[in-house]
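Hi everyone, thanks for coming along. I'd like to walk you through one structure today, so have a look at it while I talk.

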Amino acid sequence: MEIVKRGYVPKDAVEFGPKSIAKLNAAAQELAFLLNRGYDTKSASTFVGNHHLLSERQRLALARITSPCGALAGRERKRLRETPETLVLDGFNTIITLEVALSRSLLLEGMDGAIRDLAGLRGSYRVVDKTVQAVALLLDRLEALGVKEALFYLDRQVSNSGRLRELLLERAADRALQVRVELHPSVDGVLSRLENVVTADAIILDKCGSWYNLNRDLIEEAVPEAWVLRLEPLNI
C-alpha cells in the first residue's frame, strides 16, 4: 500500500515554526477582535493577513483556529462531557485528521478545543497506509470508550469513498462495536440536524444538536508525537 504523509507541506516548518509564532499569535488576537465585532471571517482574515503579510496557508490556519465568542459559547454548551453509546461520525473529517496526525503534519487546535487539519478534501481521496492505521486507532478508541454503535457518514461524491466504506466495515467485522457506514451526497446537511456528532467542522458544530470531541483525546493519547499548533490564549 502506498506510503503517504497526509497533509505534509514543506513550507509549514517555517510558516508555523518558532520564528512565526509571535506573528501568528498577534494576528489571531486581531482576527478574534474583528470577528467579535461582527466582521465576517473572509474579510477579517484578508485584512489581518495583509497587515501581517501572512501566506494563504497561514490565513487559512487562523480562520480555522479562531471563532467569535458567541459561536464558542454555543459549541461549549452542546459539547458532550460523557461518551454516548451511539456516535455519528463525519467520516472523512475524522479520519483525515488522524491520518495527518500519524504523518506528523500540521494540525491546529481551535479556540473551541477541536483539532483541525489543513489537508483539505477537494473531491478526491486515496486510501493509503495511514488510513489503515487511523481506522484501527479510531475503532480501538470507540470500543475503549464503551461506544455500542458508530454510524459513519462519507461523502458519496468523493472518489474512493466506497473503498473507505469497505475498509471500515472489514476492520469492524470482528468487533463488539456495531459499525454502519452511509454514503450520502450531503453529509454536512445530515450531520447538522443530528445529535452525538463527531466532527471538527465549525459549520456543523454550530448547527448540530450535540457533539463529542473524540479526536482531541485520541490524538493526545495515541499519537503523542503529532504536531499540533497551539497559540496563546486569546484576550477576547
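Let me start with a term. A pocket here is an open set of grid points with protein on both sides within 12 Å along at least five of seven lines, and a residue counts as lining if it has an atom within 4 Å of a point. Please keep in mind, too, that what you see is a predicted model.

So, which residues lie nearest the centre of the largest pocket? They are Arg64, Asn93, Ala200, Asp201 and Ala202, out of a lining of 28 residues. The volume of this pocket is about 730 Å³. Several elements give two or more residues to the lining: helix 4 (56–65), helix 6, strand 3, helix 9 (187–191) and helix 10 (202–207). Helix 6 has the largest share, with four residues. As for chemistry, the lining of the largest pocket splits into 12 nonpolar, seven polar and nine charged residues.

Now to the closed space. How many cavities of 30 Å³ or more does the structure hold? There is one, and its volume is about 80 Å³. Among the residues lining the largest cavity are Asn93, Thr94, Ile115, Ala200, Tyr212 and Arg216. You may recall Asn93 and Ala200 from the pocket, where both were named among the residues nearest the centre. Helix 6 and helix 11 (214–222) each supply at least two residues of the cavity lining. Helix 11 gives the most, namely three. By type, the cavity lining has six nonpolar residues, five polar ones and one charged one.

Let's stay with helix 6 and turn to aromatic rings. A pair of aromatic rings is described by the distance of the centres and the angle of the planes. In this model the count is one aromatic pair. The partners are phenylalanine 92 and tyrosine 125, with ring centres 4.9 Å apart and planes at 65°; an angle over 60 degrees counts as edge-to-face, so this pair is edge-to-face. Where do the two residues sit? Phenylalanine 92 is in helix 6 (residues 91–102), while tyrosine 125 is in the loop between strand 3 (115–117) and helix 7 (129–144), so the pair ties together parts that are 33 residues apart in sequence. Buried or exposed, you may ask, for phenylalanine 92 and tyrosine 125? Both are buried.

Rings also turn up with charged partners. Lysine 5 lies over the face of tyrosine 8, 4.3 Å from the ring centre. Arginine 37 does likewise over the face of phenylalanine 33, at 3.6 Å from the ring centre.

On to the sheet. It is an open sheet of four strands in the order 5-4-1-6, with parallel pairing. The edges are strand 5 (178–184) and strand 6 (197–198), each of which pairs on one side only. Strand 6 pairs with strand 1 (residues 86–90) in the parallel sense over two bridges. If you want a residue to click on, valine 88 has valine 197 in strand 6 as its bridge partner.

Last stop, alanine 13, which lies in helix 1 (residues 12–15). Alanine 13 has a relative accessible area of 52%, and over 50% counts as exposed, so alanine 13 is exposed. Between the C-alpha atoms of alanine 13 and isoleucine 219 there are 20 Å, with the two residues 206 apart along the chain.

That's the tour, and I'm happy to go back to any part.

Conventions. Residues are numbered from 1 along each chain as its sequence is written. This is a predicted model: local features need pLDDT of at least 70, side-chain atom pairs count only at pLDDT 80 or more; totals for chains, interfaces and linings use all residues. Side-chain values use heavy atoms; hydrogens and water are left out. Rings of Phe, Tyr and Trp (its six-membered ring) pair if their centres lie within 6.5 Å; planes under 30 degrees apart count as stacked, over 60 as edge-to-face and the rest as tilted. Buried means under 20% relative accessible area, exposed over 50%, partly exposed in between (1.4 Å probe, protein chains only). A charge sits over a ring if NZ of Lys or CZ of Arg is within 6 Å of the ring centre and within 35 degrees of the ring normal. On a 1 Å grid over the protein atoms alone, a cavity is a set of points where a 1.4 Å probe fits but cannot get out, and a pocket is an open set with protein on both sides within 12 Å along at least five of seven lines; lining residues have an atom within 4 Å of a point. Grid points are joined across faces, edges and corners, and a volume is the space filled by probe spheres set on the points. Ala, Val, Leu, Ile, Met, Phe, Trp, Tyr, Cys and Pro count as nonpolar, Asp, Glu, Lys and Arg as charged, and the others, Gly among them, as polar. Two strands pair if DSSP finds at least two bridges between them.
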